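Trainee: I'm new to this one. Could you show me how to read it?

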Amino acid sequence: MENLRQITSELHPQVPVKSLEKSLIGFLETVEDDVGSVRLEVSGDESWARPRVLDEAFLIVREAVRNALGHGRPKIVLVRVDIAPHELSASIQDNGRGFDPSRARERGGVGLTSMRERAELLGGRVLISSEPGSGCLVELFVPLKRRAGEQ
């Protein structure tokens, strides 16, 4: 029961993300001992994205990094987030063991499915490219809607 509580408590951020970049830095600081190098690059203006998009993007990126570290044993993980007026995109690339994405569901995990579902709720998508021995690339694309009165 305690394991279930821990898992479900991690499905949502403890507090809303005020800064995606700062939240990712904070998370990456807690896991950097698990890998040789984790690099983060964030560009763009976070005000272009609604708070819910920032919250969900954080959870998707966090899950992708956790998956890389927990399953791939990479030496390097590269995280890039680009925020433009029309789209938030992110990529998480590692040089770990890689896997066959078509067989990932057979293992019974929910991480990849939850990332896809979160992105779809925002009108976006998650793409996963990997093969055994070749690392993994997770890409997130979320369209950003303009707010009333903006051009």
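Mentor: Sure, let's talk through the core and then two residues of one helix. Keep in mind that this is a predicted model.

Trainee: Which residues of the largest nonpolar core touch the most other members?

Mentor: The general idea comes before the case: in soluble globular proteins, nonpolar side chains tend to be buried together. Here, the largest nonpolar core has 39 residues, and Leu20, Val65, Leu88 and Leu140 touch the most other members. Elements giving two or more residues to this core include helix H2 (20-31), H3, strand E3 (87-94) and strand E5 (136-143). H3 gives the most, with eleven residues.

Trainee: What does Leu140 touch, leaving out residues up to four places away in sequence?

Mentor: Leaving those out, Leu140 touches Ala57, Ile60, Leu88, Ser89, Ala90, Ala119, Arg125 and Val126. Leu88 turns up again there.

Trainee: Now for Glu56: is Glu56 buried or exposed?

Mentor: For this we need a cut-off: buried means under 20% relative accessible area. Glu56 has 13%, so Glu56 is buried. Glu56 sits in helix H3, which runs over residues 51-72. Setting aside residues up to four places away in sequence, Glu56 touches Arg118 and Leu122.

Trainee: And why does Asn67 count as buried?

Mentor: Use that cut-off again: Asn67 has a relative accessible area of 18%, and because that is under 20%, Asn67 counts as buried. Asn67 also has its place in helix H3. Apart from residues up to four places away in sequence, Asn67 touches Gly72, Gly111, Leu112 and Met115.

Notes:
Residues numbered from 1 in each chain as written. Predicted model: local features only at pLDDT ≥ 70, side-chain atom pairs only at ≥ 80, totals over all residues. Heavy atoms only, no water. Helix = DSSP H or I, 4+ residues; strand = E, 2+ residues; numbered from the N terminus. Buried < 20%, exposed > 50% of the residue type's maximum accessible area, 1.4 Å probe, protein only. Contact = heavy atoms within 4.5 Å. Core = buried A, V, L, I, M, F, W, Y, C linked by side-chain atoms within 4.5 Å.
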